[in-house]
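These are my notebook entries from an afternoon of looking things up in one structure. I kept them in the order in which I worked.

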Amino acid sequence: MAEVLVLAELNAAGGGVRKTTLEALTAARALGEPSAVVLGAPGTAAAVRDQLAEYGAAIVYVAESADVEDYLVAPKAEVLAQLVSEKSPAAVVIPSSPEGKEIAARLAVKTGSGFLTDVTEIAADGTATQVAFAGQTIVHSQVTVGTPIYTLRGNSVAPEPAPAAGAEQPVPVSISDQAKQVRVVERVVEQKSSRPELTEASIVVSGGRGVASAENFTIIEGLADSLGAAVGASRAAVDSGFYPHSFQVGQTGKTVSPQLYVAVGISGAIQHRAGMQTSKTIVAINKDPEAPIFELADFGVIGDLNTVVPTATEQIKARK
Amino acid sequence: MNIVVLVKQVPDSGSERKLDPADNTVARATADNVINEMDEYAIEEALLVREREGGEVTILTVGPDTATDAIRKALSMGADKAVHVVDDAIHGSCAVQTSAVIAAALQQMEYDLVLCGAEATDAQLSVMPALLAERLGLPQLSGARKLTVEGGMARIERQTDGGYWAVEAPMPAIVSTWDTINEPRYPSFKGIMAAKKKPVETKSLADLGLDASTVGLGSATSKVLDFAGRPPKGEGIKVTDEGDGAEKFVEFLAAQKIV
Ligand SMILES: Cc1cc2nc3c(=O)[nH]c(=O)nc-3n(C[C@H](O)[C@H](O)[C@H](O)COP(=O)(O)OP(=O)(O)OC[C@H]3O[C@@H](n4cnc5c(N)ncnc54)[C@H](O)[C@@H]3O)c2cc1C
Ligand SMILES: Nc1ncnc2c1ncn2[C@@H]1O[C@H](COP(=O)(O)O)[C@@H](O)[C@H]1O
């Protein structure tokens, strides 16, 4: 069976592989037999091999070097390009993070290939599905030149185990000076949250301008915590200083596709929809019966969030 | 310090956007076209660096005739001049091809920094800085929420989930900016008037030494096979809160087996 390279995206030091990697391994199986590629500092692969094998990696290529962590993006693209030229895979699948898309782009130039970003599905013949224009248009596309490179949008494919050998194969790494121009000086975490990561969460509760203040966002957090959800925010809420930018959902923020999306005090502007329209179930709580968010909602409550949300939070807690 | 800012014209994200069924490319001729919002932040950042360091800000746009509106907007904000690459053969190009055109144009220019938006709102790729860095061998400083230049080095805070990475590289370098980096200025009346007299140089593929067969729909590295509108959602349930809104919401969640 044809080999498909899947770039493993890892959590910060020791945190295992990200769910997006398991999704990518699952999606890659439509095209052939996945091999995982682990790029990281020495010692990275040992901790994640088992998980990669469980989700279908026949081979785990281990390319470990401090350079891969110390310099931005370019070294990873270089190692992948080397693997593509040695293994001639049928395709390359990469989780669709900002870095993943940049690696895909560089790899495309290096290997003379085409690439498709943010795909939500990959068919056996290589046709990919993409969602365009704020979720309003569904597109089928194909790479027509070189080795097809895909970046897979998070939460679009359900990860399914398919145990395989996961044989470790070391890859010698020598990064060119050209790829070592951009040095990562420091990685700074400003918000540590015990909540699930926004793009990976199966439930997201978002607040908008209607929440009215930063303090009042505790209402949103309360509901989120009762559901084990991530917290999101509209741009108006972010611009008003209610919640940090890294939680913004929408065209210029994160794209989420959870099982359940709860929009609280959000009007449903097209740029907000762009980031949440593909959620499986959408609930809206808004005091304006004409708010466009209701057009998308599977369930809507017309009412004041300040009473509806805390009451619902109490009732959800009571059910546990 | 000479700065080139990449500016794209895109269909307004707030109005209806479509693909053209004739060739499955973005319907630009019938769209309500505007300057890519993200690029305004790149322009603003370039103007701020120029205020500190001196030098010139040049806009570079690859796009159809109508893109002159986006160029004028950039000039009215305060950029000094512009280069507009227009050629009918470019229609339908993929990102890989467009990056070759932009790279060729940049090779005819002098710069210490190339600034661009973190993403174009039409296709939302966020790949142009990576593509250009790869083609030109330039350092890629992408996704900036802060930029400082000092002693021949450019340093950014690269926005990440829940924080940032401090990354640095020697100039010339290519930097892309998010909307967290600054607050773009509005063009003043004086700026709008002045923009009308600022030089805009038009270049064709031939001027860039590029063969028309390497760009455009015919040789694109990927193609759209077909597209369709998203199937409309079935009518949802809507309740008005009369003291029982929360309860009905929780019952809905229970029916969905979420709680
Ligand atoms: C290029 C571009 C990119 C953009 N990118 C994004 C993006 O990534 N994400 C994004 O979200 N937006 C984005 N926007 C902005 C977008 O157009 C809207 O302005 C924004 O989404 C509005 O946020 P909102 O719904 O919170 O605020 P509003 O539109 O002001 O809506 C507030 C809602 O809260 C309701 N409300 C008020 N008080 C209460 C109460 N007590 N109880 C219940 N309901 C209440 C109101 O009825 C109203 O519907 C972008 C815009 C542009 C031009
Ligand atoms: N045709 C173009 N002409 C000029 N700049 C462009 C063009 N396409 C993309 N860019 C720049 O690259 C950035 C990122 O675009 P993208 O990678 O397509 O999302 C944009 O914000 C622009 O600054």
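**Entry 1: rings in chain A**

I began with two residues and noted that A:F217 is buried, and so is A:Y243. Before going further I wrote down that this is a predicted model, so each value below is computed from predicted atoms.

I then looked up the aromatic pairs, and the count over all chains comes to 3. One of them joins A:F217 and A:Y243, whose ring centres are 4.5 Å apart and whose planes make an angle of 20°, and this pair is stacked. I checked the angle against the cut-off, since planes under 30 degrees apart count as stacked.

Why does this pair tie together parts that are apart in sequence? I found A:F217 in helix α6 (residues 217–227) of chain A and A:Y243 in the loop between α7 (235–239) and β13 (260–264), so the pair bridges parts that are 26 residues apart in sequence.

A:Y243 has a second partner: its ring centre is 5.2 Å from that of A:F247, and with the planes at 65° the pair is edge-to-face. I recorded 11% relative accessibility for A:Y243, which therefore counts as buried, and 17% for A:F247, which counts as buried as well. Through these ring pairs A:F217, A:Y243 and A:F247 are linked into a cluster.

**Entry 2: a charge over a ring**

Next I turned to a contact between the two chains, where the charged end of A:R187 sits over the ring of B:W165, at 4.2 Å from the ring centre.

**Entry 3: ligand 1**

Which chains surround ligand 1? I found residues from chains A and B around this ligand, so the site is shared between chains. There are 27 residues around ligand 1, and those that come nearest are A:R209, A:S234, A:S267, A:Q271 and A:N286.

I then listed some contacts with backbone atoms of chain A. An oxygen atom of ligand 1 lies 2.9 Å from a backbone N or O atom of A:R235, and an oxygen atom of the ligand is 3.4 Å from a polar backbone atom of A:G253. A nitrogen atom of ligand 1 is 2.9 Å from a backbone N or O atom of A:L305. On its own ligand 1 has 990 Å² of accessible area, of which the protein covers 80%.

**Entry 4: ligand 2**

I gave ligand 2 the same treatment and noted 18 residues around it, with B:L6, B:D39, B:V62, B:A120 and B:V127 coming nearest. By class, this shell holds 10 nonpolar, 5 polar and 3 charged residues.

For the polar contacts I wrote down three distances from an oxygen atom of ligand 2: 2.8 Å to a polar backbone atom of B:L6, 3.0 Å to a side-chain N or O atom of B:N36, and 2.4 Å to a side-chain N or O atom of B:D39. Taken alone, ligand 2 exposes 480 Å², and the protein buries 97% of that area.

Which elements give two or more residues to the shell around ligand 2? In chain B they are β6 (57–62), α3 (95–107) and β8 (113–117), and β6(B) gives the most, with 3 residues.

**Entry 5: chain B as a whole**

I stepped back to chain B, which has 6 helices and 15 strands. Its C-alpha atoms fill a box of roughly 65 × 45 × 40 Å along the principal axes, and 54% of its 259 residues count as buried.

**Entry 6: backbone points to remember**

I reminded myself that most residues other than glycine have a negative phi, and that most peptide bonds are trans. With that in mind I noted a cis peptide bond between B:M171 and B:P172, with omega at about 0°; B:P172 is placed in the loop between β11 (163–170) and β12 (173–177) of chain B.

A:D118 has a positive phi, near 55°, and belongs to strand β5 (residues 115–122) of chain A. Its relative accessibility is 15%, so A:D118 counts as buried.

B:N24 also has a positive phi, near 60°, but its place is in the loop between β3 (19–20) and β4 (25–26) of chain B. B:N24 is buried, with a relative accessible area of 16%.

How values were computed. Residues are numbered from 1 along each chain as its sequence is written. Chains are lettered from A and ligands numbered from 1 in the order in which they are written. This is a predicted model: local features need pLDDT of at least 70, side-chain atom pairs count only at pLDDT 80 or more; totals for chains, interfaces and linings use all residues. Side-chain values use heavy atoms; hydrogens and water are left out. Rings of Phe, Tyr and Trp (its six-membered ring) pair if their centres lie within 6.5 Å; planes under 30 degrees apart count as stacked, over 60 as edge-to-face and the rest as tilted. Helices (H or I, at least four residues) and strands (E, at least two) are DSSP runs, numbered from the N terminus. Buried means under 20% relative accessible area, exposed over 50%, partly exposed in between (1.4 Å probe, protein chains only). A charge sits over a ring if NZ of Lys or CZ of Arg is within 6 Å of the ring centre and within 35 degrees of the ring normal. A residue is near a molecule or strand if one of its heavy atoms lies within 4 Å of it. A polar contact is a pair of N or O atoms within 3.5 Å; within protein, one must be able to donate a hydrogen and the other to accept it, and residues adjacent in sequence count only if both atoms are side-chain atoms. Accessible areas come from the Shrake-Rupley method with a 1.4 Å probe; for residues, only the protein chains shown count as cover. Ala, Val, Leu, Ile, Met, Phe, Trp, Tyr, Cys and Pro count as nonpolar, Asp, Glu, Lys and Arg as charged, and the others, Gly among them, as polar.
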